[in-house]
Amino acid sequence: MHSSLFCISVFCLTFFIVFTQSTRVADQMYVSFDRARYCVRHLNGTHEIGCQSSMRGNSGRMYMIDNENEFNSYLKDSKTIDSSNSFIIALNIELFNSEYVDKLMNRLDSKLNGLVIYLKSNLSRPKDFSHDDQCPNHRQSYYLNQTETVHWNPKGTGLFFRSFPFPIVLLDEKDDYERLDKFYRQFYNTQSSPTCGLEVKAFQSAAHTSKTCMRRNEISHSLLDAVDGFCDPVGGLNIYSKLPDSLTLVPKQRQPKSVVLILATTDSFQMFLKAQGTTGGAQQPATALITFLALAHVIGQEQKEFNKQDKEIIFVTLDGDALDYSASFRFLFDINNDYFPAGDKNEQRIKIEHIHSIVEFQSLSFSNNLSLYAYPSSPSIINETFIATLLENNPMITRMKANSPLPPASSQIFQRETSSSSFPTYILTSTNENQLLNHYYHSFFDDPSTLSINISSLEYNTTTEFSQWIKSIVEPLAQTLLDSYVGNNITNVTIEQEIINNLVYCVLKNVNCPLIHNVSNQSIGNSFDAFEQTSLPFSINTYPTATTPTFPFVQNILSYFLRDREYDKQNITETKCLEQKNNDTLRLYRYVGGYAPSIMPEQNYSGYCVRSYLRYASSSSPAFSIDNYDLSQTTYPAWTESRWTTFTLRLFIIPTRTHEIVTLVIGILLLSISFIVFSILRWYVKLDLLQPSSS
């Protein structure tokens, strides 16, 4: 009996050791890179773009290329290329462009199983890095039928809009590069030594075109009753706000040419996404958005004079214009179909004939040279007095020549989809001749450092050269708008520097800042706690599938800056504020703590009832809203983003052929010994059971 217990104990102990050791070995087999950026799949009406791995992942022998000489040597090294069936190339970010990628694809063909792009350190970032087209959004521009294009983004590689049959990953952390390099140098010696391998899992659910993918979604939802789909339409929310007293209610008629639209965008894109990390967009669209919000505050503080006029100034953010101006198409679609403004039917809808003019902020770079594009150039449409006053108030602005081509901007679609003689557009941007000043256009490198901001030392109320520069743009523009639409009743328009400082901090460093808590109610404010020390994300949205703090941030701050200032004086209680909310369907009411720089000192109360005007609507393309619309048509953009489940990048060691044979032989021997030991133990146990018990 004792011998049987001993045998069972030995067996259990052996079982425990084997399985615990196997787990530990499995963990040690791979080196994971958890902070990598990944290229994903997007689709439109005609094709797919982006990258992906197979469902089980792509793997291959790693080969590291650091410079052009190494690149050329590798392409000529047939012995190395023939030594493996698949490669994943680790490529210096300086070499990541169409020329080098095409050479690798042509030379390796199906052996190229993936690319890992690495950045050695932030100090070694390339001078230019943009994978948008050289003429951004040329597929849906105002100049659609013209053969000659302007290269606004001359260093753009266009790689974002290409389709790759393998995954592409980017490592932008210095220690990740150092780990990758260390293992590669350690094992890359001769053909007889073990080498490094890489495994990338970045499978994308969508394929082919948006039409195919959306049809698969419908089949999945209707027949299979599945919750998950394969792709989602690109688009978030178009948000608009104005002074709450500038309402035109039915049956009163809005006057023609009485609406001024102030535009900014809230989306951008990068070729490489990261679960936890910056999305870029500091110059486009963050700088324009900060300027836009600061201008809204100035208009809000001067609302008494504006309320006396027959002009409505509506502030509009568009989300989705980075991809073929999808949001602008949707905004105009809503106008043409009497959906704008959304909400209460007692408010008269705005039509094209009501638009007086458009002022747009687009791709602003921290520079002493700003460009003003006015279109069309006809003197009967353009307000020359407005332009002359703006140029006089702000010497930084240079007016572009008449008939200059329009830069990438939402206003292109407003001009294209309406009669170009209907209303003028004024685009304020940063260009040099016909080139954007942003060298990192639609790239994660478009970060606060491009605005001369040290993000690590930036505090909530830090005055920087950049925030002062914003102030120098906003005040002259606000003064010009007042002079043009109100008259010369107001002079020396100013905005508190603290307000701009706070906006810069919230947008570029920490969206969970005191400002958003001051202007929103407690439940909304608490929702930002999850984004502590996170900059406002600017990316391709698929709202509401992908939640983002961008929309509640803009909604609450924009409507607060344009609120009814008379309500600040009334010291309304939270209960009374709720009653007002239930009785007024045209305006928005919320009880907040209040934002001190925006409140007069004599109105210092414990809380405030904010009365404001706010509307929002979906910004996804009309292609997804029109019944039975054929998504393969090109009338409207039809962009979708693929869904995915997981991203992983792991490094492992590929043993030599000799090592594999030795391992196999040892494994067979151990298996044989195990069978022999097990047979002996079984025989002893059987004998022990046959012996009579001594008790």
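Which residue in strand 17 is the bridge partner of Ser371? In this predicted model, the bridge partner of Ser371 in strand 17 is Thr429, and this pair belongs to a contact between strand 15 (residues 370–375) and strand 17, which run antiparallel and are joined by five bridges. On the parallel side of the pairing, strand 14 (residues 355–361) meets strand 17 over four bridges, with Phe361 having Leu428 of strand 17 as its bridge partner. Strand 17 itself, spanning residues 425–429, is mostly covered, since five of its five residues are buried. Thr425, Ile427 and Thr429 point one way from this strand, whereas Tyr426 and Leu428 point the other way, and all of these residues are buried.

These strands belong to an open sheet of nine strands with mixed pairing, in which the order is 16-15-17-14-12-13-11-21-20. Strand 16 (397–399) and strand 20 (588–592) stand at the edges, and because each has a single partner strand, one side of each is left without a neighbour in the sheet. Between neighbouring strands of the sheet the average turn, with direction ignored, is 25°. At one of these edges, strand 20 is joined by five bridges to strand 21 (residues 608–618), and the two strands run antiparallel; within this pairing, Tyr589 has Arg611 of strand 21 as its bridge partner. Helix 16 (residues 550–561) packs on the sheet, where it touches strand 11 (237–242), strand 13 (312–318), strand 20 and strand 21, and the direction of this helix makes about 10° with that of strand 11.

Helix 16 also packs against helix 7, at an angle of about 30° and with the two axes 8 Å apart. Helix 7 is therefore roughly parallel to helix 16. On the side of helix 7 the contact is made by Leu289, Phe292, Leu293, Ala296, His297 and Gly300, while helix 16 contributes Phe553, Val554, Ile557, Leu558 and Phe561.

The largest nonpolar core holds 82 residues, of which Ile262, Leu295, Phe315, Leu508 and Phe553 touch the most other members. Helix 7 (residues 282–301) supplies the largest share of this core, with 12 residues. The surroundings of Phe315 can be described further: leaving aside neighbours within four places in sequence, Phe315 is in contact with Ile239, Tyr240, Ser241, Ile262, Phe292, Leu295, Ala296, Ile299, Leu558 and Leu562. Apart from the largest core lies another core, of 63 residues, which includes Phe87, Ile168, Tyr184 and Leu198.

Ser328 is found in helix 9, which covers residues 326–336. With a relative accessibility of 0%, this serine counts as buried, because the value falls under the 20% cut-off. When residues up to four places away in sequence are not counted, Ser328 touches Leu318, Asp321, Ser410, Ile413 and Phe414.

A further segment is marked in the UniProt record, an unreviewed entry, whose annotation "transmembrane region" covers residues 661–685. Over residues 661–685 the chain in the model is 100% helix and 0% strand, and the C-alpha atoms at the two ends are 36 Å apart.

Technical notes:
Residues numbered from 1 in each chain as written. Predicted model: local features only at pLDDT ≥ 70, side-chain atom pairs only at ≥ 80, totals over all residues. Heavy atoms only, no water. Core = buried A, V, L, I, M, F, W, Y, C linked by side-chain atoms within 4.5 Å. Buried < 20%, exposed > 50% of the residue type's maximum accessible area, 1.4 Å probe, protein only. Contact = heavy atoms within 4.5 Å. UniProt positions renumbered as here; feature names shortened; annotations may be inferred. Pairing = 2+ DSSP bridges. Axes fitted to C-alpha atoms, helices over the stretch in contact; angles between N-to-C directions. Parallel < 35°, antiparallel > 145°, perpendicular 65-115°, else oblique.
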